[in-house]
Amino acid sequence: MNSTKKQKVLMFDFDGVIVPTFEMNFEIARALWPNITQDSYREMFMGNIYDSVLSRVAGYTEEERKKNHDVSNEEYFKMYVPRLMETKPMPEMVQQIRELHKKYKMAIVSSTVTGPLKEYLIMHDIAKHFDYIFGMDVHTNKTVKINMLFEKYGVTHNDCLFITDTVGDMKEAAKASLESIGVTWGFHTRELLNCENPFLVIDSPSELSPAIEKYFEKR
């Protein structure tokens, strides 16, 4: 099949891209790890966040580290979910999502738990714009989830684009040969995002549609 005839797919990160959750997430992280700073918290997203959490937890054996890792995740989401439900999505991103869905197929690839994420999207009337919502319970590795979506849609990396706010996400997308657009209103700065050579880095949701069109014009 000629790839130019295939559907085009947009994959979105959630936290920091659709919902402004950096401050909220940092406060929760500080409740778990009192000595953490904003810089060290941002650094955790330079790779896979679950690998970063695993490296921070106490315990001397692999079994102890895994147990403490699971406890940290459980405690984190106990605090995260109710606060997420009180946080509104970015109005400009909601508008972008509604417009982009007229032209593209769309999915979410997130490190958040799928159930509450779906509930949140339904609450704000944007769940209907996403075919798939893959949270951490689908897999903690985004490369795996991206490859799953290639198979679900019957497409290759050339037919898709990832929209994210972290270097770690860009690295995991690159392992699936998927290019990214970085957004600066989330967890990482333009300077950090540019280190991964994304297709583009944008500073406003209004820049998203033109950036996506520019990307697919080259495909």
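**View 1. T164 and its bridge partner across the β4–β5 pair.** In this predicted model, T164 finds its bridge partner in β5, and that partner is G182. Zoom out a little and you get the two strands themselves: β4 covers residues 160-164 and β5 covers residues 180-183. They run parallel, with three bridges joining them.

**View 2. The whole sheet, strand by strand.** Reading across, the order is β3-β2-β1-β4-β5-β6, an open sheet of six strands with parallel pairing. Which strands stand at the edges? Those are β3 (132-134) and β6 (200-202); each has a single partner strand, so one side of each goes without a neighbour in the sheet. From one strand to the next, the twist averages 20 degrees.

**View 3. Helix α10 against the sheet.** Here α10, residues 208-217, packs on the sheet. The helix touches β1 (9-12), β4, β5 and β6. As for orientation, the direction of α10 makes about 150 degrees with that of β4.

**View 4. F45 in its loop.** Look between α2 (38-43) and α3 (49-56): the loop there holds F45. Is this residue buried or exposed? F45 has 14% relative accessibility, and since buried means under 20%, F45 counts as buried. Setting aside neighbours within four places in sequence, F45 is in contact with T166, V167, G168, F187 and H188. Take G168 from that list: it sits 123 residues from F45 in sequence, yet their C-alpha atoms are 5.3 Å apart.

**View 5. Y41 and the nonpolar cores.** Another aromatic to click on is Y41, which contacts F22, N25, F26, A29, I36, Y76 and F187, again leaving out neighbours within four places in sequence. Y41 also belongs to the largest nonpolar core, a set of 52 residues. Y41 is listed among the residues with the most contacts inside that core, together with L10, F12, F14, I18, L121 and I212. Apart from this core lies another, of 15 residues, including V9, F150, Y153 and C160.

**View 6. Pulling back to the full chain.** The chain has 10 helices and six strands. Of its 219 residues, 51% are buried. If you count contacts with a separation of 6 or more, 63% of them are between residues 24 or more positions apart. The accessible surface comes to about 10,600 Å², and carbon and sulfur atoms own 50% of it.

Definitions and conventions: Residues numbered from 1 in each chain as written. Predicted model: local features only at pLDDT ≥ 70, side-chain atom pairs only at ≥ 80, totals over all residues. Heavy atoms only, no water. Core = buried A, V, L, I, M, F, W, Y, C linked by side-chain atoms within 4.5 Å. Buried < 20%, exposed > 50% of the residue type's maximum accessible area, 1.4 Å probe, protein only. Contact = heavy atoms within 4.5 Å. Pairing = 2+ DSSP bridges. Helix = DSSP H or I, 4+ residues; strand = E, 2+ residues; numbered from the N terminus. Axes fitted to C-alpha atoms, helices over the stretch in contact; angles between N-to-C directions. Areas by Shrake-Rupley, 256 points an atom, 1.4 Å probe, with all protein chains shown as cover.
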